[in-house]
2 protein chains.
Amino acid sequence: MSTRTNRKVLLNARPDGFPTEADFRLVEAPAPEPAAGEMLVRTIYLSLDPYMRGRMNAGPSYAAPVELGGVMTGGTVGQVVASRHDGFAEGDLVLAGAGWQEYGLSDGRGVRKLDPAAAPISTALGVLGMPGLTAYVGLLEVGGLKDGDVVVVAAASGAVGAVVGQIAKIRGHRVVGVAGAQKKCDYVVDELGFDACVSHRSDTLAGDLKAACPDGVDLYFENVGGKVFDAVLPLLNTFARVPVCGRIASYNATSLPEGPNRVPQLMGLALVRRLTIRGFIVFDHAHLEANFLRDVGGWIRSGALKYREDVVEGLDSAVGAFLGLLRGENFGKLLVRVSDDPTR
Amino acid sequence: MSTRTNRKVLLNARPDGFPTEADFRLVEAPAPEPAAGEMLVRTIYLSLDPYMRGRMNAGPSYAAPVELGGVMTGGTVGQVVASRHDGFAEGDLVLAGAGWQEYGLSDGRGVRKLDPAAAPISTALGVLGMPGLTAYVGLLEVGGLKDGDVVVVAAASGAVGAVVGQIAKIRGHRVVGVAGAQKKCDYVVDELGFDACVSHRSDTLAGDLKAACPDGVDLYFENVGGKVFDAVLPLLNTFARVPVCGRIASYNATSLPEGPNRVPQLMGLALVRRLTIRGFIVFDHAHLEANFLRDVGGWIRSGALKYREDVVEGLDSAVGAFLGLLRGENFGKLLVRVSDDPTR
């Protein structure tokens, strides 16, 4: 019998607007025992990502919502601590989707072994994981990056935006980021090599962005919405593309913004400038994962592409860190170190 | 010296909202004489199209506006009456862009000879011309029609919509039209073979459309905007495509509709349903013209594809007919017979 205690964060209530601590509940229960064909994985890192806000809602979306009282979903990196699965042995380091808990049971589906010699295991949740792949497919496949494009990247210092902008720089493009805090803007320019970065907190956002994009914008990687989208729209050039990856500015809205209704204006601009606005979800593009790992993995090894992680300690910190993420307080890929990383 | 009098319709004032007769001015002047390398073309048919409303505005768009006091632009079919151009002889029937006037001077650029034995010459302005090509590229290239798509077509009895729907039917799709008057809906179903057609004048448009599309909508050919777009949006399936060809419902608006601002809602739907919204202008797709003429020409000759023309008589009728077009009063491709058609 296991003597392990599993702590887990459940969805306690569906948020009305911005989530609060009370929408979550931390509980303890004995860790389960793996049945035949199963394994128990100890969570080392839990990824916190904006999409999780959507899973807290009841409404239909591209993925099923978290059930009330269910464990919050999330990507994890962990270590197998007990296995009755032929493909995995105790000690294996794996990418899994155990959610917000210390131990997860798995039948191996969707689980991938990690080689700590190839890259730090935490990167499987960030630059070499779902956020990195999102950046790669959104920029290259959905956005159809082509020679000469001026690229604007929302949430530029974030897990996705930082990769988008760096790939575009590696490809030789002019890249302008949009971020919040000045330290993020500085990081994006000084460390990641973007050509410029403007703050969405500035009263002069629209003018700042225009000044940074004197030849307009050919590809806007949308991850924010709201006033950032409003500032980019008038700058979009003919044949510009807008891959729509996320809209964090709207995730906690309980009502639509006041009028006028700007949909006719948006559609009119789409027509005269022949814009392509295209929503995408990374899991529709899994066929590009091998190319992504080859390219981005190579750029990381060569030092051409950098990444930054914002690691908080312990499952107790998950809720607060997630609420901070929704406020833009994280700086880099947000991870919770749920238990010790044996590779560090 | 020419003794021909040229009557022409000028842009007299830029409309404030819905155009009026006073925004146009009919004037007479001697027809010009062709210089070396030029020819004079007598207009037989003038095409009237919704895009002309946009050319009456001063603002930037995909094409230069008509100058105040300038001849209204427009596609024409005519006959060469005097030529000092090596490539064209008196008597040649040509597709030209002489605008709203009885005689146009041309240096031959963009002018194409017509063979009246191949198809009625008026069709070069409609089903075998710009509107037909718009339908062809919008549905097949921009919209990326693919097996199993349910297609909804706005302005279904119009010059573009009728071709969109019929091509989709020929390709084996379920096709639902949206039109105004009941006679147009009946025509679209009974004559053109659409599976259904709903009226945008009905108070139950949204419900009617939903009932006609029980499996949702995979491709919406947008030519209207406004409440038709609003009714289609919730029905769009995952990976649906919205080629944006026109937005006639908004062309005469002097202000945006009242709130709330539904842009975040639209972008949210684009994300979760992975929609592609893509504006296009036919002249960006001229490389498809040969395929278009082969395919649609063949379907017309075989009787698989039908067309309807709404012909008004005389340049005096142009302004009134154009205003009627903006109100949806035409029934089929709207043409002005400016002078006798020698082929009929």
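Visitor: How much of chain B's interface also serves as interface in chain A?
Guide: This is a predicted model, with local features needing pLDDT of at least 70, side-chain atom pairs pLDDT 80 or more, and totals for chains, interfaces and linings using all residues. Residues count from 1 along each chain as its sequence is written, with chains lettered from A and ligands numbered from 1 in written order. The copies meet through the same surface (contact means backbone-placed C-beta atoms within 7 Å), because the share of chain B's interface residues that are also interface residues in chain A is 100%.

Visitor: What kind of axis relates the two chains?
Guide: Laying chain B on chain A takes a turn of 180° and a shift of 0.0 Å along the axis, with an RMSD of 0.0 Å (least squares on C-alpha atoms with pLDDT of at least 70 in both copies). So that makes it a two-fold axis.

Visitor: Which residue of chain B comes closest to that rotation axis?
Guide: Go by C-alpha atoms here. At 1.6 Å from the rotation axis, the chain B residue that comes closest is B:Gly259.

Visitor: Which residue in S15(B) stands opposite B:Val311?
Guide: Strands S14 (309-313) and S15 (333-337) of chain B run parallel, paired over five bridges (DSSP needs at least two for a pair). Across from B:Val311 you'll find B:Leu335.

Visitor: Which helix joins S14(B) and S15(B) in a right-handed β-α-β unit?
Guide: Right-handed means the path over the helix runs clockwise, strands pointing away from you. Residues 318-326 of chain B form the helix in this unit (DSSP runs: helices H or I, at least four residues; strands E, at least two), and that's H9.

Definitions and conventions:
Contact = placed C-beta atoms within 7 Å.
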